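Please have the sequence and the model open side by side, and let us walk through a few of the side-chain arrangements together.

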Amino acid sequence: MSAVQSSFIAALRAGEAATWTRDEVSRQWNLGAPELSAAIEQARKRFRDFRAPLAALFRGEDWDGEIRSDLIDWPAQAGSPHILVKADHNLPVTGSIKARGGLHELLAFLEYAARREGLLGTANDYAKLAEPGAVEAFSHYRVSVASTGNLGYSVGLVGRTFGLGVTVHMSRDAKSWKKDRLRKLGATVVEHAGDYGEACAAARAMPQDEFSHFVDDENSPDLFCGYAVAAEELATQLAQRGIIPSAHAPIVVYLPCGVGGAPGGITYGLKRIFGNSVLCVFVEPTQAPAMFAALATRASAEHLPSIYDYGLDNVTLADGLAVGRASALAFSAVGQAIDGAVTLTDRDMLRQAAQAWTLAGLKLETSAAAALAAIPPFIAATAGKENWPDLNKAIHIAWVTGGAKLPEAEWLQQLRAAGPA
Ligand SMILES: *Cc1c(COP(=O)(O)O)cnc(C)c1O
């Protein structure tokens with residue numbers, strides 16, 4: 001192990017914030033997966049097809065059924081770089097990035113069930129899938145998922161609204177308001193004694209049949225492709241602003257990372273469009289740095305490290321990111337394309353969430369604030385680095401991943417936990 005590698009490991013073990021960077025901006029993203037490209041196109045089409053039934057079922061939101069978030073300006077401050085915010089915290093329906101990946105996998109299963117029930121026929125009339133007849137037919141189908149947070153909520157809310165039976169497997173750290181919210185939707189909540197990985201394994205082991213489906217957060221191409229679609233949305237928004245990234249003046253995208261599906265899918269999509277004119281930086285809590293550990297130790301997808309092996313406990317207020325081991329699927333797809341990894345303490349993220357509120361009026365959960373908090377350490381770590389562009393000339397995009405639907409009491413508690421400004 002090199003001296004540099006061992007200094008990363010030392011920081012990891014000590015639970016200290018750290019930044020890993022690739023020696024050179026990655027040019028080695030894996031474009032050699034044609035089936036993935038085709039699957040991403042299919043995901044894009046599926047989101048379009050389901051606009052009508054989604055708009056009909058969630059019409060309280062005054063919305064056309066498109067899953068799309070704004071790209072907004074972060075308030076300019078003296079001496080700070082140009083920052084934009086990709087506002088997935090405010091995505092329609094579920095208020096988190098899971099309205100991309102989790103929702104897409106659910107739509108794929110609904111499509112399967114609809115075809116099986118003869119509901120789509122030759123007319124491919126997706127609008128009918130929101131009608132009572134379809135909802136009654138869907139009630140014979142069941143979907144299950146393991147999640148302590150946004151994924152369970154997204155699958156639970158949308159699945160139940162379409163009439164599916166839903167089971168959510170939760171780990172020991174799941175908060176009771178989250179269980180209550182799911183039970184109110186009519187979902188079954190199964191509580192497990194272990195952590196997220198163990199709840200996921202237990203859920204995966206349950207038998208499935210032609211009426212049921214398990215949304216596997218750690219191994220699902222459908223999730224990954226649902227996230228990847230977001231890259232083109234961002235590209236369109238950048239073009240509308242006249243932003244043309246280059247290798248010398250790149251965009252740097254900061255992506256909060258749990259198992260790596262959401263940031264991985266987005267990275268895959270962005271690297272396909274922008275090559276080395278985009279830098280993708282994954283952001284994690286110091287107590288759950290699964291991807292950081294994999295990158296800093298140059299692990300292979302077959303042997304991804306567990307954060308428990310470094311004496312860490314996976315306990316963090318950023319519960320959307322509390323994961324002990326990265327997804328092998330995400331790591332093999334984009335491990336070589338990730339340009340940097342930043343770890344942050346809970347305190348860093350809490351303070352950033354509070355600042356996002358006071359400065360910009362953004363209601364972010366702790367996990368989402370990580371994207372903003374990672375910008376200064378990443379710029380500092382790359383300053384003067386050989387073979388790297390000058391990031392002061394770059395445009396920094398914080399992908400804020402959730403928060404708008406956080407219950408008021410939870411939100412206030414999070415603000416209080418940040419302490420005085
Ligand atoms: C799920 C989630 C993430 C990370 O997604 P992964 O696919 O687990 O990497 C980030 N932020 C929030 C708010 C999330 O809910």
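Eleven aromatic pairs turn up in this predicted model. Start with Phe50 and Tyr126, whose rings meet edge-to-face, with 5.3 Å from centre to centre and 70° between the planes. This pair links distant parts of the chain, since the two residues are 76 residues apart. You will find Phe50 in the loop between α2 (34–49) and α3 (51–57), while Tyr126 belongs to the loop between α4 (101–116) and α5 (132–138). Are these two rings buried or exposed? Phe50 has a relative accessible area of 0% and is therefore buried, because the cut-off for that class is under 20%. Tyr126, at 5% relative accessibility, counts as buried too. If you follow the ring pairs outward, Phe50 and Tyr126 turn out to belong to a cluster that also takes in Phe138 and Phe162.

Now turn to another aromatic pair, Phe109 and Tyr141. Their rings are also edge-to-face, at 6.1 Å centre to centre and 70° between the planes. Phe109 sits in helix α4 and Tyr141 in the loop between α5 and β4 (142–146), so this pair ties together parts that are 32 residues apart in sequence. Phe109 is buried, with 5% relative accessibility, and Tyr141 is buried as well, at 0%.

It is worth staying with Tyr141 for a moment. Which residues does Tyr141 touch, not counting residues up to four places away in sequence? Besides Phe109, the list holds Tyr112, Ala113, Arg116, Glu117, Leu164, Gly165, Glu210 and Phe211. As for the backbone, the C-alpha atom of Tyr141 is separated by 8.4 Å from that of Gly163, a residue 22 places away along the chain.

Two of the residues that Tyr141 touches, Arg116 and Phe211, also have an arrangement of their own. The charged end of Arg116 sits over the ring of Phe211, 4.6 Å from the ring centre. A second example of a charge over a ring is Arg181, whose charged end lies 3.5 Å from the centre of the ring of Tyr153.

Phe109 gives us a path to Ser212 as well. With neighbours within four places in sequence left aside, Ser212 is in contact with Phe109 and Arg142. Ser212 belongs to strand β7 (residues 212–215), and its relative accessible area of 11% makes it buried. What does the side chain of Ser212 find as polar partners? One is the side chain of Gln208, joined to that of Ser212 by a polar contact of 2.7 Å. Another is the backbone nitrogen of Asp209, which lies 2.9 Å from a polar atom of the Ser212 side chain.

Let us finish at the ligand. It has 16 residues around it, and those that come nearest are Lys98, Asn150, Gly258, Gly260 and Thr401. Backbone atoms also approach the oxygen atoms of the ligand. For Val259, a backbone N or O atom lies 3.0 Å from a ligand oxygen. The corresponding distance is 2.7 Å for a backbone N or O atom of Gly260 and 2.8 Å for one of Ala262. How much of the ligand does the protein bury? Taken alone, the ligand exposes 380 Å², and the protein buries 97% of that area.

Technical notes:
Residues are numbered from 1 along each chain as its sequence is written. This is a predicted model: local features need pLDDT of at least 70, side-chain atom pairs count only at pLDDT 80 or more; totals for chains, interfaces and linings use all residues. Side-chain values use heavy atoms; hydrogens and water are left out. Helices (H or I, at least four residues) and strands (E, at least two) are DSSP runs, numbered from the N terminus. Buried means under 20% relative accessible area, exposed over 50%, partly exposed in between (1.4 Å probe, protein chains only). A polar contact is a pair of N or O atoms within 3.5 Å; within protein, one must be able to donate a hydrogen and the other to accept it, and residues adjacent in sequence count only if both atoms are side-chain atoms. Contact means heavy atoms within 4.5 Å. Rings of Phe, Tyr and Trp (its six-membered ring) pair if their centres lie within 6.5 Å; planes under 30 degrees apart count as stacked, over 60 as edge-to-face and the rest as tilted. A charge sits over a ring if NZ of Lys or CZ of Arg is within 6 Å of the ring centre and within 35 degrees of the ring normal. A residue is near a molecule or strand if one of its heavy atoms lies within 4 Å of it. Accessible areas come from the Shrake-Rupley method with a 1.4 Å probe; for residues, only the protein chains shown count as cover.
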